[in-house]
Amino acid sequence: ARALTPQTAETDAIRFLVGTQSLKYDNQIHIVDFDDENNIISKNVLLHQVGEIWHISTSPADKGVLATCYNKPSDSKVLTCAAVWRMPKELEPGGHESPDDSTSPAHTLELLCHLDNTAHGSMACVAWEPAGDGKKVISLADSHILLWDLQESSSQAVLASSASLEGKGQLKFTSGRWSPHHTGTQVATANDTTIRGWDTRSMSQIYCIENAHGQLVRDLDFNPNKQYYLASCGDDCKVKFWDTRNVAEPVKTLEQHSHWVWNVRYNHSHDQLVLTGSSDSRVILSNMVSISSEPFGHLVDDDDLSDQEERRPEGKSQEPPQDSVIATYEEHEDSVYAVDWSSADPWLFASLSYDGRLVINRVPRALKYHILL
């Protein structure tokens, strides 16, 4: 498995969706619910009969709607297609069956529409406008960025506008994210070693960070609370943080992983918390205080100061807290292809490795109280 996403519109229950990549069997989407009070994981299975799943994303407005990118063999080559689906009603929150009952039949997803990419090539990802009504999505197909308008309860997708990468060679997008700021008019994309910003109204380029990484850029994420701040990761084992107003140099660089970094995710509420997952089989939780929206002052507790520090004259300001790795999680034995935060609980996150293992973890309690109190 490679595809993982929280159910974005679900803000009460802790729920993740995982997509499988089986060559032998029908592929599935597993809806994983985590009961935080009793520490129980339960799941329901949906059949996804059209091919192995490379990417999943969920509508920010409708809990039952999701998009997948999946492989479809066609004339000697494999094309990655994208489609929008609806879950069966009984699997939406509140309609719970007994989970994990192996005798219950698997449900099938209802196809709402295809994001038709026959003219554009293979789909890398589909991203929903973050705070939108679930009607606007972008998809990245080879060298094209396509903006879709989903109409009539998502049963029809109209291509609203598009743009293409210009340049030598076979340019291909690897990932893209909407900015949660700028009222849904900005998108960042990665292709090869370059990061670009786009204005979705004119589909024109706003900024371009060439050679953002020494090798392929795998993933991007915007700081949800601080405008212009963007994180990226890639095959040079690095995670970099950018201010898109001045792209000459990254603001910070992390070099904690020893292999390709597949995923970087900001915490939705506390943007100093950053998750990364890598094919070194590790998940790393970092505390990027220096570039977060939280003010420095309230992160240092008076009780934490030693006697020596307390003897300092009052006028001197405290040292700003240092960025640090909070924890390294090593429960996976295979490449970690996806990490993501729960949309319901800001202290919980999930990680997924290629062997199909899903791990749910919590931010260490001491740090949680440090941030909150």
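## Confidence

Averaged over the chain, pLDDT comes to 87, and 89% of the residues score at least 70. Residues 94-102 are a weak patch, with pLDDT below 50. Even so, the model gives this stretch 14 contacts beyond near neighbours in sequence. Keep in mind that this is a predicted model.

Residues 297-317 are another stretch to read with care, since pLDDT stays under 50 there. Here the model has 16 contacts beyond four places in sequence.

## A four-stranded sheet

Now for an open sheet: four strands run in the order β18-β19-β20-β21, and the pairing is antiparallel. At the edges sit β18 (217-222) and β21 (252-254), each of which pairs on one side only. On average, neighbouring strands in this sheet are turned by 20° against each other, ignoring direction.

Take the pair formed by β19 (residues 229-234) and β20 (residues 239-243): five bridges link these strands in the antiparallel sense. Across that pair, Tyr229 stands opposite Asp243 in β20.

## Around Thr194

Thr194 belongs to strand β16, which covers residues 194-199. Is Thr194 buried or exposed? Its relative accessible area is 9%, so Thr194 counts as buried, the cut-off for buried being under 20%.

What does Thr194 touch, leaving out residues up to four places away in sequence? Its partners are Thr189, Cys208, Ile209, Glu210, Asn211 and Val217. One of these, Val217, lies in β18 (217-222), an edge strand of the open sheet described above.

Key. Residues numbered from 1 in each chain as written. Predicted model: local features only at pLDDT ≥ 70, side-chain atom pairs only at ≥ 80, totals over all residues. Heavy atoms only, no water. Helix = DSSP H or I, 4+ residues; strand = E, 2+ residues; numbered from the N terminus. Buried < 20%, exposed > 50% of the residue type's maximum accessible area, 1.4 Å probe, protein only. Contact = heavy atoms within 4.5 Å. Pairing = 2+ DSSP bridges. Axes fitted to C-alpha atoms, helices over the stretch in contact; angles between N-to-C directions. pLDDT = per-residue confidence, 0-100.
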